[in-house]
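Reader: I am new to this structure and would be grateful for a close look at a single part of it.

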Amino acid sequence: MQVIGDVDVCVVGGGPAGSSLATRLAHLGYQVLVVDQRSFPRSHVGESLSQGVWPVLESVGVPRSLVQADAVSVREAAIRWHTDDEQRVAPEGTVTVDRGRFDEILLDHARAAGATVLTSVRAVQPRRSAPGWSVPLPDGEVRARFLADASGRRRLLGGRPTRVSARMIALHARWRPGTVEKGSQSWVEALSDGWLWGALLPAGDIRVMAFVDPETLAAEDAERLFRRLLSASPRWSGLVDTLPIAGPVQVCDATSYVCAPAVDQDSIRVGEAAFAIDPLSSSGVQTAIQTALAASATVHARLSAGGDGEAGLQYYSELVRTSVTHHAATAARQYAEHEQFADRPFWRRRSAGAERAQLPSPPITPLFAWLPQRVRLHPTAELRTTACLVGDTVEWRRALTSPQLDRPVAFLGGAELAPLLEVLASAPTLGAALRRWEELLPSSLAPQIAAWLGRHNLLEPVTNLTSPPVSPSLPVSPSLPVITAS
């Protein structure tokens, strides 16, 4: 096959994960090619963006105002979840978007950053060829040093996904403008054998999705099942038989899974090619872009002359592992919060393993009481060598680990923790340590870091001065690197 070009990185898939990865790598000076089999703007579900998406979009360089210009701000959401009582909440920063337009904005941003973008072009199974990959396209093949699979549930790189939850499907359809009552901009409602989500879209129409076990669909066709589920809803029961659906009811997989390996020497999976989370979170887009940001640092560490490729591999592998664990546990807790139909199979399957009762946290002693005392790290906390995100790449740094933390932390507010903890270990009192920190850090950051350590019960006073304090400056043993805050 004729070679039609050589690039540093070929990204297969132009959705939020693929376009964000391409943008970051192009900014770092790499030659990047994005290939997507569909034309843009493309039709796509997943229109809800929660507040957490704005910081990650800012990291990519996409202005919030550009997205909000074509979005519906969710000023009020109606939620019927814990019991049969409906709650009205005001979810700050949540919007619904036209995913076709939103995805096009991100892809145009990648193109403006310097990435080459090919749409309506299908990449077939790539193959390894020294020193990287050959990606067959209709007019020839592209050679790339590194391959990024951003093809979503298509998973171009193959592999058998491992489910992390019970299987689930989503039935969805749109209603034309003016057919539904005005009021709340989005709705979430629990049913006996599933749950509903609905939202007002920018064009004025309504998207409604029903999430159920796949076996539910086997007994009847999609539209009949969809209307039956809606008829069980107090919000929709009086409207189901009269509403004109805009197009057929569609069905898609909504199962949570992880696909390994997340990364190897010259390829990486991002977005739903790596893992998919439960749609209950409404943070699928946010999570996809977060994987892209982390992947860009990993690829940079692998390809740059001075990069630490092994640190990059460990960092991204652990990021995926901890993200999957976190999202699965969060979803299980949210399903376990439901009470009315808790004994039904749909709800039992998804709440299995949830921690229904949290142990009380130990009391927090106000730090000012310890200012005249010498303090040290709590015995359960320690510094470990960890792969950390540092700027645009990944490096080995010492990070603070503890059962009180969800993940190791190497940086707080841009300040590296390890040197500060070394000061703490040698200072005669906590007050003296804070004065030294104030000389090293921007104004007000020192007390904030001290407060964070206290809030997480990571410090204790040294009451027995005959026993030397646990010093963070002592040699520490390496451990499996995990994601760290930077």
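How many bridges join strand 9 to strand 10, and in which sense do the two strands run?

Author: The model is a predicted one. In it, strand 9 (residues 127-129) and strand 10 run antiparallel and are joined by three bridges. Within this pairing, Ser129 stands opposite Gly132 of strand 10. The link between strand 9 and strand 10 is a hairpin that passes through two residues.

Strand 10 (residues 132-137) has a further partner. Strand 11 (residues 140-149) runs antiparallel to strand 10, and five bridges join the two. Here Trp133 is placed opposite Ala144 in strand 11. A hairpin again makes the connection, leading from strand 10 to strand 11 through two residues. As for its surroundings, strand 10 is mostly covered, since six of its six residues are buried.

The surroundings of this part may be described next, beginning with another set of strands. An open sheet of mixed pairing is formed by seven strands in the order 6-5-14-15-16-13-17. Its edges are strand 6 (87-89) and strand 17 (250-253); each has a single partner strand, so one side of each is left without a neighbour in the sheet. On average, neighbouring strands of this sheet are turned by 20 degrees against each other, direction ignored. At the edge formed by strand 6, the pairing with strand 5 (residues 77-80) is antiparallel and extends over three bridges. One pair of bridge partners there is Ala77 and Val89, the latter in strand 6. Helix 6 (residues 222-231) lies across several strands, among them strand 13 (169-175) and strand 17, and runs at about 80 degrees to strand 13.

The helices offer a second view. Two packed helices are described by the angle between their axes and the distance between the axes. For helix 1 (residues 16-27) and helix 4 (residues 99-113), the axes come within 8 Å and cross at roughly 20 degrees. Helix 1 is therefore roughly parallel to helix 4. The crossing in which helix 1 passes helix 4 is left-handed. Helix 1 contributes residues including Pro16, Ser20 and His27 to the contact, while helix 4 contributes residues including Phe102, Asp103 and Leu106. By character, the residues of this contact divide into eight nonpolar, five polar and two charged.

Helix 1 also packs with helix 7, at an angle of about 35 degrees and with the axes 8 Å apart. In this case the crossing is right-handed. Among the residues that meet are Pro16, Ser20 and Leu25 in helix 1 and Val285, Ile289 and Val299 in helix 7. The contact of helix 1 with helix 7 comprises eleven nonpolar residues, three polar and one charged.

Helix 7 (residues 284-303) also contains His300. This residue has a relative accessibility of 16%, and therefore His300 counts as buried. Leaving aside residues up to four places away in sequence, His300 touches Leu28, Tyr30, Asp392 and Thr393.

Buried residues are found in helix 11 (residues 430-440) as well, including Leu430, Leu434 and Trp437. Strand 21 (375-377), helix 10 (417-426) and helix 12 (445-455) are included in what covers the buried residues of helix 11.

To return to the part in question, strand 10 is joined by three bridges to strand 9 and by five bridges to strand 11.

Definitions and conventions
Residues numbered from 1 in each chain as written. Predicted model: local features only at pLDDT ≥ 70, side-chain atom pairs only at ≥ 80, totals over all residues. Heavy atoms only, no water. Axes fitted to C-alpha atoms, helices over the stretch in contact; angles between N-to-C directions. Helix = DSSP H or I, 4+ residues; strand = E, 2+ residues; numbered from the N terminus. Parallel < 35°, antiparallel > 145°, perpendicular 65-115°, else oblique. Left-handed = near helix turned anticlockwise from the far one by under 90°. Contact = heavy atoms within 4.5 Å. Nonpolar A, V, L, I, M, F, W, Y, C, P; charged D, E, K, R; others polar. Pairing = 2+ DSSP bridges. Buried < 20%, exposed > 50% of the residue type's maximum accessible area, 1.4 Å probe, protein only.
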